[in-house]
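Good morning, and thank you for the time. I would ask everyone to look at the structure on the screen while I speak.

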Amino acid sequence: MTYFKSESSSVSKLSSSQKKIKTDNPFYDPSLQKRHAQARRFKFLTVASIIFAISFLVFFLGDMIVKGLPAFQQSYMLIDVTYNEKTVDSTRKAIDKKYRRIVSRSWLRDIPAMVEQDPSLMNTTQATWVLVNHQVDQYMKGHYYKIKNKYLNIVKEKQAVGELELRFNTIFFTHGDSKIPENSGIKSAIIGSILTLIVTMIIAFPLGVMTAVYLEEFAHDSYWTQLIEININNLAAIPSILFGLLGLAVFINLFGMPRSSPLVGGLTLALMTLPIIIVSARAALRSVPDSIRQAGYGLGLTKIQVVQDHVMPLAFPGIMTGSIIGLSQAMGETAPLIIIGMIAFIPDSPSSIFQAATVMPAQIFTWAGMPERAYIERTAAGIMVLLSILISLNALAIYLRKKFEVNW
Amino acid sequence: MMLQKSALSLIATTAIMASTINMVQARDQIRIVGSSTVYPFSSSVAEEFGATTKHSTPVVESTGSGGGMKLFCKGNGMDTPDITNASRRMKTKEFKLCEKNGVTDITESVIGFDGIAIAQNKQNKALALTKMHLLLAVAEEVPSKDGKSLVKNSYKRWNEIDASLPDREITIYGPPTSSGTRDAFEDMIMKGQTKKMDVYTSLYKKDKVKNKGYKKYHKVRQDGVYIPSGENDNLIVQKLSKNPAAIGIFGYSFLIENDDKISAATVNGFKPTPETISSGKYPISRSLFFYTKNSHRKEVPAMDKYVALFMKEDMIGPDGILSEIGLIALPDERRSAIRASVEKHTKLTLDDLSKK
């Protein structure tokens with residue numbers, strides 16, 4: 001509606017001068033103004049959609065950073081800890097009774113291990129910086145907390161004399177999942193992700209590249225290759241949860257591989273990544289000009305020599321870029337992993353691809369469903385870690401492309 | 001190319017290794033599956049077990065009660081789970097499936113209660129509901145004004161159901177059909193009442209095949225008043241804090257963690273507290289279970305110790321660790337009876353399940 005209105009008003013306003021131009025200028029185009037307005041509107045729409053998309057991203061990132069930053073700090077308190085046989089046996093007795101509701105259960109639980117590591121602690125009482133529980137930690141960070149007044153007074157006293165402070169949270173990077181919020185970390189998920197992705201790449205990269213080389217360099221255009229091509233493109237669009245079902249049926253039920261292991265997870269994600277690698281590798285091979293191949297044949301090289309020594313090195317940056325993008329997609333995937341049991345409570349870091357493991361997005365998913373408030377910041381911090389790894393992977397892809405790219 | 005050669009050999013070794021691991025018999029790591037409601041409790045115990053013993057931490061998977069039973073009853077092989085958690089009792093159908101697959105020696109443990117909270121934004125005035133109010137608010141078909149026939153639910157405001165209730169729009173955020181909390185809500189609020197109401201059951205008696213659904217009517221209305229809100233209870237809490245008119249249905253542990261934002265409505269005169277739930281005065285609560293596969297006890301030596309740790313007073317007692325995250329302890333007597341039965345590895349029989 002507004003479009004027509006502005007049109008008619010501008011026409012009437014300019015009508016007198018227009019007449020003049022019309023007579024003066026033989027190239028006068030009466031629809032010019034309308035077309036310019038259209039172009040401006042179109043540009044406005046494109047800019048608006050970019051702004052819209054960016055504001056979403058900024059909002060999301062801002063929200064994550066504001067929520068997640070506190071997780072990189074953790075509260076510690078300076079109190080006397082008594083180490084002797086009695087307290088090793090019943091660790092609650094190692095600290096004054098009034099601190100029992102303040103100190104973290106997970107810290108007390110570790111006392112026997114600490115004494116075992118450092119036997120000189122035995123039969124001494126030492127002022128130690130101990131980890132406090134998540135309620136006190138939430139109080140220190142200015143979040144909602146639930147502490148009984150009796151204990152809150154102790155906490156405030158300690159804070160006033162500087163014996164309660166926030167420190168960098170090393171636990172977040174050195175521990176696995178935990179049901180005690182202050183004891184939980186992302187280490188086992190990071191290791192699980194790395195092991196899973198190693199398996200994924202070992203399977204998907206060579207298979208994908210070889211398939212692409214065959215389809216691009218060796219195969220003749222026939223009914224069968226076309227069928228394969230359609231299927232590969234189709235596979236790239238399949239919902240990832242179906243790969244999980246396939247993984248369950250084939251790798252776990254048929255081959256009897258261990259449930260929840262990075263081996264099964266990696267193989268399943270490899271199936272999912274394979275089409276992406278094939279498609280991008282084929283595009284990279286296709287962009288190598290035919291003159292290179294013909295020059296090779298002209299010198300009497302065999303097909304394999306041409307592909308291996310001339311086409312592949314030139315196509316490699318493109319293949320790497322596609323593979324890294326496929327890898328980062330596999331890294332953020334959770335849906336297929338639910339089915340094969342990788343979304344579970346697995347606090348121990350896996351030491352081989354046969355042990356149970358969880359991955360980073362799964363860890364974030366688990367934390368997001370926890371009732372304790374302290375997990376909100378951990379969820380956001382986990383997202384920050386995952387995003388920064390993804391960004392560095394993608395930056396690596398861009399760097400590789402720029403560095404080795406050849407312009408024809 | 002070198003790269004491809006090494007990659008191929010790696011594939012080969014992986015395949016060989018994969019085929020050998022199947023033969024491993026004894027297992028140090030316990031495998032637990034089952035209900036998402038029991039999952040936080042089970043994994044808390046698992047963590048404690050991993051941290052205080054030399055055994056590795058059990059793997060706890062949250063598959064839902066039904067999904068857990070399916071995996072558990074698949075057989076006695078070492079690749080099947082050792083323990084399954086459930087937020088309801090094992091069904092006779094599931095027991096028969098277990099039996100068919102050779103899983104006959106099962107021990108049942110009850111660990112406590114879980115309350116289902118009906119809550120609203122804290123700014124609101126206290127809300128006193130009854131089970132009947134809730135039924136009339138969520139059912140697809142409700143008794144007409146004269147109580148003689150069923151009509152489509154047209155209640156849009158609470159005071160239309162009962163004049164004593166506030167003049168507020170009915171908006172209910174609750175669990176989706178896949179959730180165990182939804183099952184429990186339907187069982188206790190809907191089926192429990194409709195099976196005793198002639199207006200529903202008379203329809204069933206008239207035509208037992210066609211009107212099968214009216215025997216224990218539990219159809220939830222789909223006109224946007226009841227909003228299924230995903231498995232994540234945190235989401236429902238967030239929605240309640242943004243929408244003061246709404247009420248939400250979720251697990252008790254989410255209520256105690258968020259009592260700055262939301263408050264519970266009373267149901268039949270009682271607020272959900274550990275005492276009212278444990279004594280059964282608060283009407284919407286359910287027992288939580290886990291089932292152990294005794295045929296695995298030899299090959300998975302850690303199992304007995306894990307179960308013993310779980311049943312300890314430090315864990316499931318009224319002041320135990322699990323009470324801090326929302327588990328409601330069984331009454332003392334029942335607790336010691338269950339503990340004794342678990343210690344003896346009492347075999348579960350079909351009779352146990354069929355009697356109520």
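I shall describe one chain as a whole, then the domains of the other, and finally the place where the two chains meet.

Please keep in mind throughout that this is a predicted model.

I begin with chain B. Its secondary structure comprises 16 helices and 13 strands. Measuring tape aside, the C-alpha atoms of chain B fill a box of roughly 75 × 55 × 45 Å along the principal axes. Chain B has 356 residues, and 42% of these are buried. How much of the contact pattern in chain B links residues 24 or more positions apart? Among contacts with a separation of 6 or more, such pairs account for 70%.

I turn now to chain A and its domains. The domain assignment divides chain A into domain 1, covering 2-69, domain 2, covering 72-173, and domain 3, covering 187-404. Let us consider domains 2 and 3 of chain A. Their centres, taken over C-alpha atoms, are separated by 44 Å. The two domains do touch: eight residues of domain 2 of chain A are in contact with five residues of domain 3 of chain A. On the domain 2 side, the elements giving two or more residues are helix 6 (134-140) and helix 8 (171-174) of chain A. Helix 6 of chain A gives the most to that side, with three residues. By class, this side of domain 2 holds four nonpolar, three polar and one charged residues.

The last topic is the meeting of the two chains. Here, 32 residues of chain B are in contact with 29 residues of chain A. Which elements of chain B each supply at least two residues to the side that touches chain A? They are helix 1 (2-20), helix 2 (39-52), strand 2 (59-61) and helix 10 (252-257) of chain B. Helix 2 of chain B gives the most, with eight residues. As to residue classes, the side of chain B that touches chain A divides into 13 nonpolar, 14 polar and five charged residues.

Strand 2 of chain B deserves a further word. This strand pairs with strand 4 of chain A, residues 344-345, in the antiparallel sense and over two bridges. Within that pairing, F345(A) stands opposite V60(B). Strand 2 of chain B thus appears twice in this account, as a supplier of at least two residues to the side that touches chain A and as the partner of strand 4 of chain A.

Thank you for your attention.

Definitions and conventions. Residues numbered from 1 in each chain as written. Chains lettered and ligands numbered in written order. Predicted model: local features only at pLDDT ≥ 70, side-chain atom pairs only at ≥ 80, totals over all residues. Helix = DSSP H or I, 4+ residues; strand = E, 2+ residues; numbered from the N terminus. Buried ≥ 20, exposed ≤ 12 C-beta atoms within 10 Å, placed from the backbone. Contact = placed C-beta atoms within 7 Å. Domains from an automatic or database assignment. Nonpolar A, V, L, I, M, F, W, Y, C, P; charged D, E, K, R; others polar. Pairing = 2+ DSSP bridges.
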